[in-house]
Each structure stands twice: as C-alpha cells, then as structure tokens.
Amino acid sequence: MNTEGNVRHANGEEKGVVSVGIRHTLEWHVEAYMVPAGKKGEFRNILQGIAGKTESGQLTAIMGPSGCGKTTLLECISLRNRRFDGAVHFDGRAPGGDAFTVSVLVHQKELLFGFMTPREYLTFHGLARMEHTHTRAQIDQRIQEVLSDMKLEKCADTLVGGTDPFFQKKGLSGGERKRLAIAYEMLLAPSMIFLDEPSSGLDSVMSESIFQSLKDLADGGRIVLASVHCPSSEACQLFSHLMLLTYDGRVAYHGPTLQGIGYFSALKYFCPEHYNPADFYLKLISFTPGAEAEGEVQRMDLLNDAFQKSDMRLMKPLPTDNKHRGLAGVHGIKASTFTFLKLNFWRATLRLRRDKTFVVLWGIISFIVGLLLGIIYLQQAPASWRNLLGLLFSLVVADIFMGSLGVIMRFPSEWAIIVRECYSGVNAVGPYLFASFWGILPMAYGPFLLVTVMYWMTGMDPNFVAYLKFAGIYLSFDIACLELGQFVSSLSGNPMVGMTILPAFVAPMIMFSGVLYQKSTVPVWLSWMHHVSLINYSFSALMAEQIHILPENQANLLAAFIDLNKNSAGLNVLYLWIMSAALLLLTYFTLTVRLRNATAS
Ligand SMILES: Nc1ncnc2c1ncn2[C@@H]1O[C@H](COP(=O)(O)OP(=O)(O)OP(=O)(O)O)[C@@H](O)[C@H]1O
C-alpha cells in the first residue's frame, strides 16, 4: 500500500500534508441525536451517549441491528452530519474545516455514472483534487497506484454500466463498483476513512476481500471506521476493534475485537463453539422477534450498564462542546473554475460519445416529426394563411416539449452524484451547469434536422439565406427550451416530479402565445404572462421571417389577426436569448440553494 507523504491540499499548508507515520487520534462523544418521532412536534433520541476513540492503524467496525443508528453515528463522527449534541476531537482538539480534507466518507449506496470507466473516474477525481499541486505524470502514477491498491487493474478500462438509468449495459460487478467508490476517495491518501456498510449487497467472499483492502489501508497508518451489519467470522477477525450498538442506540461494547468474546463471557453470555462471533453479537444486541419487550429492554440496559462500568469504557467521555455546529460546510478541496469546467465538459462529451442509442434515437424522432409536418403541409405553407399559422404554431409547440423533456429525463438523475462531488470538493454548481449545457448542445442536431426536413417539404421561402435565418431562430428557441428543461428539473431531484410540473410552465406559455386569443380581453393582471412566453417570441420571430411567402392580402390579414410586427424577428430573437440567460441564472440559483440544504448522504 502506497502511503506517499507528498499529497498536499488546496491551501498547501503543512497540516494538509498527509502525515503517514504520525499517529492520529479520533475521539467522539455523541450524546444525543434527535429525529422526528412521527407525531408533530415529537422527537426521539436515536443515539444515546455514544463515546469512543480510535487511532491510526486501527480498523474499527460499528456493528448493530438494522435501524440502530450506525449510518447516523458514522455521519456524526465524520462530521458530515453536525446536528448532534456532543463533541468530536481529532488529535485532541475540535477540528476546523480541514477535517473535511483529511477524511472521506464512502456512502453505502454508490452512485456512479455508468458511461465511464474506473480509470476515467479516477482521472476526473484525480485532476479535480490534485491538478493544482501535482503534474499530470504524478497524477497518472497515483491513479495507477490506487487502481492497484484497490485491485481494480483488470477492470480499469471496463465501463461501469449497471444502475445508471440511461446506461444500463452490463459493466462492473457489485464488488468492483464498491472498490471504485472507495478508490476515488483514496486518491489523496486521507488519514481518516469512514465507510457505511461497504459490504452491503456482496457475497461473503467479495465482502472479505473488501475488508482485507480496508485492513491494508489501516495497516498503512490510517484511521478506518466502517459500519457493518454482520460480517463472516473470517471478516470479523480482520477488524482490530469493534463498537457494538444495541437496537435502541446505546453502546454494548467498544474495544479490541479479540477481547469481545471474553468480555461477554464474563457477563454470562457465552458464544457457542464454532459459531460466528458476529452472529452471536448481533443476536445479543438485537430485539428478538416475538420476545417480550420488557425482557429485551432489560438485556439492553444490562449490556449498556455493564459497559459503562467496565474498563473498556473511556474513563472520561469528551465534554459536550457542540463546536462542530459552527463548521460552515463540508466542502473539501477546491480546484480552479477552469479545471472544473474542463472536467465537466470532458465528461459531458464522454456521455454523448458513449450514449449512441440516445443520440441516434433523438435524430430519428426529430426526423419523423419534421417528416410528419412536411407531409401534412406538403408545399402548402404559402397556399393559405391558415396553413402557415398552423405549421409554425405546431412547430414551436412540438419543440417546447421535445427540447425540455429531453433534459428533464436526464438532469435530475445526475444531481445526487453532483451533490456528493460538490461535497467532496471535486465539482461546483456553476461549471457543472455550464458544461452540461454545452455538452448537450450537439443534440441540437435533432431540431436542425427537423426544421430542415420540414422547411424544404412545406414550400417555405426557397432563398438559402432565408432558410438559414429560419433555422437560426428555431435553434435559439430550442436552446431556450433546453434551459427551461434545466430550470424545471433543478426544482426536484426526481424526473417524475419534473415531468409532472412541466405543464405548469408550458401550458401558460402556449395559452399566452398571443395567437389564440384577443389580447385586449385578457385581464390586465395576467397580461404580463405574454412577456414570459417562449412560444410568443419564437412564433412571432419565425412568422415575421416567413409571412412574405403568403399572397399580400393574406399576409396583411394574418399580421392583423395575430398582431404581428413584420420587422420584429430580430427583437424577438433577442428576447429569446434574454429568457435563456434568465432561466440559466434561475437554475444556478435553485441548484445552489438545494446544494446548501442537501446532505451528502
Ligand atoms: N431524518 C430522520 N427522520 C426520522 N427518522 C430518522 C431520520 N434519520 C434517521 N432516522 C431513524 O433513525 C434510526 C437509525 O437510522 P440509521 O440509518 O442510522 O440506521 P442504520 O443502523 O444505519 O440502519 P441500516 O443498517 O438499516 O442501514 C432509524 O430508525 C431511522 O428511521
């Protein structure tokens, strides 16, 4: 295991240097953690006076039945969750913001982009975390070391695949996915590693190999704490220390793994011979199904009392200082905006390149819609004002749904990953948003195809410059639709919510397009809606460009009917761009607020 000492953090301060060889200590006392208890205004305490200590070189397992509070405790100790009463001390003092640069938390559920390979993942994280302090050659070398340490070399160039809703190709195995989730957190060789159920969903052989990797990390001089459910007896022996939580969130044991069986024997709880100690512990600290509640609570009381009186207990738990509550955020190292932009753009391009099905399907759908319009209005656009009106209106209505829906399906599914990246300091909202917009821009080839097919089939102005202008207006509108999609999806992390609320934005834009009603009859307090309708601006601009293909009397009639200024194309396009910029800013604002309120779990 490589434990290089030259990995510096963003501030370049000495304390940010990974100090392998120096022994660190981590001590915690979670006195209380309150959660809503169901009834309004009522709370229950799920972690009761949990004090513990660990140091470099120790691999500690936090064990307990489901729902006892393992994840919450791990989040509190790692300070990713700071809503508890108590204290956490690193090397004998309350940590500052640098706590987040020397520690990592690997979540139970790994969230990964299926279209990337482990090497690409590590490159993204490596460049974001280290580019400002290391050369590319050093970063590549570190990536190679991590791939080797986490036994990912043989699948380094295999696509992750799996659970990405848009990229469900078979890829890495469950164990390899877990290893990857640990690997990219290891790039900076953190001194403290917290892992929430790193073996969940894996068979015993896979779990053991993950635990062996954790032991290697601890042997390399790190503090490693992992919540585990019930490891095999072989895996159990890999942990140097255990913390057992009873089902009601109290400590039943905290000490060396080897002394656990002897400790409980002294309390007259004997582990049968040839029995997995983890199973024995888990039965002892769990609520036995069907058993009398009173008896179970008494056992938990007894276990907790015995522990509090034992030599195992820290003689003096940390006094509750709640200093962690003053920590501003959990953001880690920050690269430059340019690095973030470059990386996000690279990743967006990778997605496009790998997601060929989506790219091709998008082109086919756009072609079919263009063809349908072409067939319905075959060389008929100049024939009557009704045709031109119907054609252009159908065109913009079709695109507002196509453009925004395409984004809504995709954007929210990425958000959970982006939140975690922002919390680890390897991404930022602005560059992500900007790059994801430019990354999706090549998809404008779809609308371009649509408008080209429809334009030449329906008999619009055959002048090539007129065609280019028309296509340009349409693409400006399409970009505004993408921005609308991004804004709507930024309101929720769930694509279904996005799709449900989209009509609340699109329907008024259609209603207030200025085409389907007499403007003077609209109540004054609603008349502003006209000015935020993308349909209004795009339809007016497209119509102003093409109305001259109608016979003059019909053109005048139509212009009067829809209240059109024939010279307003340029102004309407300008409004479209202003609307796009406003939507982009709103999206940025919404995502920033949501990031601030999110937790990284
Ligand atoms: N924000 C919350 N609101 C209400 N209850 C909560 C909240 N957070 C945690 N809990 C409750 O606290 C308890 C502990 O949750 P936690 O996820 O920490 O348990 P766990 O031991 O990690 O469970 P598992 O092993 O099943 O993952 C659970 O009963 C859970 O329902």
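How are helices H15 and H16 oriented to each other? Keep that question in mind while you load the structure, which is a predicted model, and begin with the chain as a whole.

**The whole chain**

With everything displayed, you are looking at a protein chain that holds 20 helices and 11 strands. Its C-alpha trace spans about 105 × 55 × 45 Å along the principal axes. If you colour the chain by burial, buried residues account for 56% of the 601 residues. Turning on the surface shows an exposed area of about 25,800 Å², of which carbon and sulfur atoms supply 61%. Among contacts between residues at least 6 apart in sequence, 76% join residues at least 24 apart.

**First stop: H15 and H16**

Select residues 445-458, which form helix H15, together with residues 464-490, which form helix H16; their axes come within 10 Å and cross at roughly 140°. An angle above 145 degrees would count as roughly antiparallel, and H15 and H16 are therefore oblique to each other, which settles the opening question. Their crossing is right-handed. To see the contact itself, show the side chains of Pro-447, Phe-448, Leu-450, Val-451, Thr-452, Met-454, Tyr-455 and Trp-456 on H15, and then those of Phe-464, Ala-466, Tyr-467, Phe-470, Ala-471, Tyr-474, Leu-475 and Asp-478 on H16. Coloured by class, the residues of this contact divide into 14 nonpolar, 1 polar and 1 charged.

**Second stop: H16 again, now with H13**

Keep H16 on screen and add helix H13, residues 385-424. H13 and H16 pack at an angle of about 40°, and their axes are 7 Å apart. With roughly parallel reserved for angles under 35 degrees, H13 and H16 are therefore oblique to each other. H13 passes H16 in a right-handed crossing. On the H13 side, the residues that make the contact include Leu-392, Leu-395, Val-396, Asp-399, Ile-400 and Gly-403, while on the H16 side they include Phe-470, Tyr-474, Phe-477, Asp-478, Cys-481 and Leu-482. By class, this contact has 15 nonpolar, 6 polar and 2 charged residues. As you compare the two views, notice that Phe-470, Tyr-474 and Asp-478 of H16 take part in the contact with H15 and also in the contact with H13.

**Third stop: the loop before H13**

Move now to Pro-382, which is found in the loop between helix H12 (356-376) and helix H13 (385-424). Is Pro-382 buried, partly exposed or exposed? At 24% relative accessibility, Pro-382 counts as partly exposed. Leaving out residues up to four places away in sequence, Pro-382 touches Thr-458, Gly-459, Ile-549, Leu-550 and Pro-551, and Thr-458 brings you back to H15, whose residues are 445-458. For a distance to display, choose the C-alpha atoms of Pro-382 and Asp-461, which are 8.7 Å apart in space although the residues are 79 apart in sequence.

**Fourth stop: two buried histidines**

Select His-125, which lies in helix H3, residues 118-130. His-125 is buried, with a relative accessible area of 2%. Not counting residues up to four places away in sequence, His-125 touches Tyr-184, Leu-187, Glu-421 and Val-426, and Glu-421 falls within H13, which runs over residues 385-424.

Then go to His-29 in strand E1, residues 25-32. This histidine is also buried, with a relative accessible area of 11%. Which residues surround His-29, leaving aside its neighbours within four places in sequence? His-29 is in contact with Gly-49, Ile-50, Ala-51, Phe-84, Asp-85, Gly-86, Ala-87, Pro-317, Leu-318 and Thr-320. As another distance to display, the C-alpha atoms of His-29 and Ile-46, 17 residues apart along the chain, are separated by 14 Å.

**Last stop: two positive phi values**

Most residues other than glycine have a negative phi. Two loop residues are worth selecting with this in mind. Asp-91 has a positive phi of about 50° although it is not a glycine, and its place is in the loop between strand E6 (85-90) and helix H2 (99-102). Asp-91 is partly exposed, with a relative accessible area of 37%. Lys-268, also a residue other than glycine, has a positive phi near 75°, and Lys-268 is found in the loop between helix H8 (260-266) and helix H9 (277-285). At 64% relative accessibility, Lys-268 counts as exposed.

Technical notes: Residues are numbered from 1 along each chain as its sequence is written. This is a predicted model: local features need pLDDT of at least 70, side-chain atom pairs count only at pLDDT 80 or more; totals for chains, interfaces and linings use all residues. Side-chain values use heavy atoms; hydrogens and water are left out. Axes are lines fitted to C-alpha atoms, for helices over the stretch in contact, and angles run from 0 to 180 degrees between N-to-C directions. Helices (H or I, at least four residues) and strands (E, at least two) are DSSP runs, numbered from the N terminus. Angles under 35 degrees count as roughly parallel, over 145 as roughly antiparallel, 65 to 115 as roughly perpendicular and the rest as oblique. A crossing is left-handed if the near helix is turned anticlockwise from the far one by less than a right angle, and right-handed if clockwise. Contact means heavy atoms within 4.5 Å. Ala, Val, Leu, Ile, Met, Phe, Trp, Tyr, Cys and Pro count as nonpolar, Asp, Glu, Lys and Arg as charged, and the others, Gly among them, as polar. Buried means under 20% relative accessible area, exposed over 50%, partly exposed in between (1.4 Å probe, protein chains only). Accessible areas come from the Shrake-Rupley method with a 1.4 Å probe; for residues, only the protein chains shown count as cover.
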